[in-house]
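Reader: Could you walk me through this one at the bench, question by question?

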Amino acid sequence: FMQRGLDSQTKKQLEEEEKKIISEEHWYLDVPDLKEKESCIIEERSFLRCEDLVYGRMSFKGFNPEVEKLMIQMNSKCKEEEIEEDDKMEADVSDEEMARRYETLVGTIGKKFLRKRDQRALKDDDEDVDDEVEEGNSNTRPSKRAKKMFLKPQD
Amino acid sequence: MAAERGTAADSLVGQVVLPGDLLLLPAHYDEDAEGERLRLSAGAAPQGRLLCGPGLRRSGAGLLVTTCGLLRHRPGGGGAYWVDSQQKRYVPVKGDHVIGIVTVKAGDVFRLDVGGSEPASLSYLAFEGATKRNRPNVQVGDLIYGQFVVANKDMEPEMVCIDSSGKSSGMGIIGQDGFLFKVSLGLIRKLLAPKCEIIQELSQLYPFELVIGMNGRIWVKAKTVQQTLIIVNILEACEYMTAEQRKQALAKLSGN
């Protein structure tokens with residue numbers, strides 16, 4: 001029922017009339033608003049949160065290996081905060097070796113996704129120089145780039 | 001009813017309380033303006049909120065006791081008070097893991113008997129990896145370990161066999177064989193307490209598997225029928241045996 005082109009004044013008048021009608025019919029409490037008390041007490045009907053009970057499925061002496069794995073998992077979830085364990089697990093590969101591997105890995109996988117032109121550039125470098133591929137690339141790429149830059153057509 | 005003056009909750013920890021007792025909490029939890037002033041001056045108020053556990057109800061000035069038992073208190077994590085009472089009849093509570101027996105298979109929903117006033121309902125989609133085409137193989141009379149999702153006095157309780165992340169984490173149909181029996185709820189809580197002596201001593205005897213439901217039902221499975229029955233008898237008798245009697249009984253068994 002909102003009509004376009006109504007002046008703001010006429011709109012206000014309409015609203016006021018509506019409010020008047022409503023307030024006469026509406027029932028409202030004459031009581032001041034109760035202050036919302038922020039309660040510090042939570043009611044809880046389960047014993048689980050009060051007493052820190054362990055998980056209900058258990059298996060002993062290897063009767064059911066899956067349940068035994070579960071036991072360790074569930075009980076450690078509850079007690080994570082209390083137990084301070086070493087986060088560092090025994091690594092099969094040392095950190096330095098990992099860094100070295102990763103360095104070369106990036107190069108080899110990177111080659112796979114180069115475009116054809118860049119791959120040709122790589123091949124030329126490999127034939128010329130025996131150095132690491134990355135260094136070769138960095139030397140020739142700027143020159144290649146300089147050649148391939150957009151040449152503005154002269155009007 | 002005459003309003004009684006309450007007693008401080010701290011003084012009654014570990015003692016018997018009766019329904020109708022009013023417990024006053026320390027000034028930290030007072031909601032009046034005076035309480036606020038006290039809170040500021042009393043130094044560190046406990047962080048977090050107080051947990052008012054089973055057997056207690058919040059009422060105006062403090063906590064009202066609704067069941068008879070021993071009052072317990074846990075100071076960690078904001079503090080918690082609850083009443084440790086003995087019961088045989090289970091009342092479904094949201095979040096509890098229970099063992100249910102399938103009684104009716106009605107279309108898409110199973111009805112389980114959990115020992116409460118009403119049978120609980122379990123939808124066939126509430127299992128891990130269940131879809132409309134891939135239905136779980138549940139028959140009438142099967143045992144199911146699940147948790148309550150809805151459990152209040154106005155509605156029929158509902159159970160599921162997956163947790164909030166969609167994994168079953170040990171819930172679902174309990175396998176073949178084994179023995180199901182009923183104990184009181186107090187013993188269940190004793191058995192599920194961290195570092196329970198009974199469980200530790202039993203685990204030294206034979207390899208066996210145990211599922212404990214909060215509704216008072218325990219399912220045991222061991223290699224032979226005789227071993228299973230021995231474990232069942234020990235668990236049932238544990239309620240009324242003292243620690244020495246239990247150790248004697250177990251020593252006799254492990255000697256045999």
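Author: Happy to; the questions below go from the interface to a shared sheet, a helix and a surface patch, and the model is a predicted one.

Reader: How much area is buried between chain B and chain A?

Author: Let's begin with the contacts: 46 residues of chain B touch 31 residues of chain A. Carbon and sulfur atoms give 61% of the area buried between the two chains. That buried area is about 3,800 Å².

Reader: Which side chains form the salt bridge across the interface?

Author: The rule finds one salt bridge between chain B and chain A. A nitrogen and an oxygen lie 3.5 Å apart in it. The partners are E209(B) and R57(A).

Reader: Which strands stand at the edges of the open sheet?

Author: Five strands make up this sheet, with mixed pairing, in the order 1(A)-4(B)-8(B)-7(B)-2(B). Each edge strand has a single partner, so one of its sides lacks a neighbour in the sheet. The edges are strand 1 (41–43) of chain A and strand 2 (16–17) of chain B.

Reader: Which residue stands opposite I41(A)?

Author: Strand 1 of chain A runs parallel to strand 4 (residues 50–52) of chain B, and three bridges join them. Opposite I41(A), in strand 4 of chain B, is L50(B).

Reader: How many residues of helix 2 of chain B are buried?

Author: Among the buried ones are L185(B), G186(B) and R189(B). Helix 2 (residues 185–192) is largely enclosed by the rest of the structure, because its buried residues number seven of the eight.

Reader: What is the relative accessible area of F113(A)?

Author: F113(A) sits in the loop between helix 4 (95–112) and helix 5 (116–128) of chain A. With Y102(A), L105(A), V106(A) and I109(A), F113(A) makes a nonpolar surface patch of about 550 Å². Exposed means over 50%, and F113(A) is exposed at 63%.

Terms used
Residues are numbered from 1 along each chain as its sequence is written. Chains are lettered from A and ligands numbered from 1 in the order in which they are written. This is a predicted model: local features need pLDDT of at least 70, side-chain atom pairs count only at pLDDT 80 or more; totals for chains, interfaces and linings use all residues. Side-chain values use heavy atoms; hydrogens and water are left out. Buried means under 20% relative accessible area, exposed over 50%, partly exposed in between (1.4 Å probe, protein chains only). Helices (H or I, at least four residues) and strands (E, at least two) are DSSP runs, numbered from the N terminus. Patches are made of residues with over 30% relative accessible area and no salt bridge: like charges are joined within 9 Å, nonpolar side chains (Val, Leu, Ile, Met, Phe, Trp, Tyr) within 5 Å. Accessible areas come from the Shrake-Rupley method with a 1.4 Å probe; for residues, only the protein chains shown count as cover. A salt bridge is a side-chain nitrogen of Lys or Arg within 4 Å of a carboxyl oxygen of Asp or Glu. Two strands pair if DSSP finds at least two bridges between them. Contact means heavy atoms within 4.5 Å. Buried area is the accessible area (1.4 Å probe) that two parts lose on being put together, summed over both.
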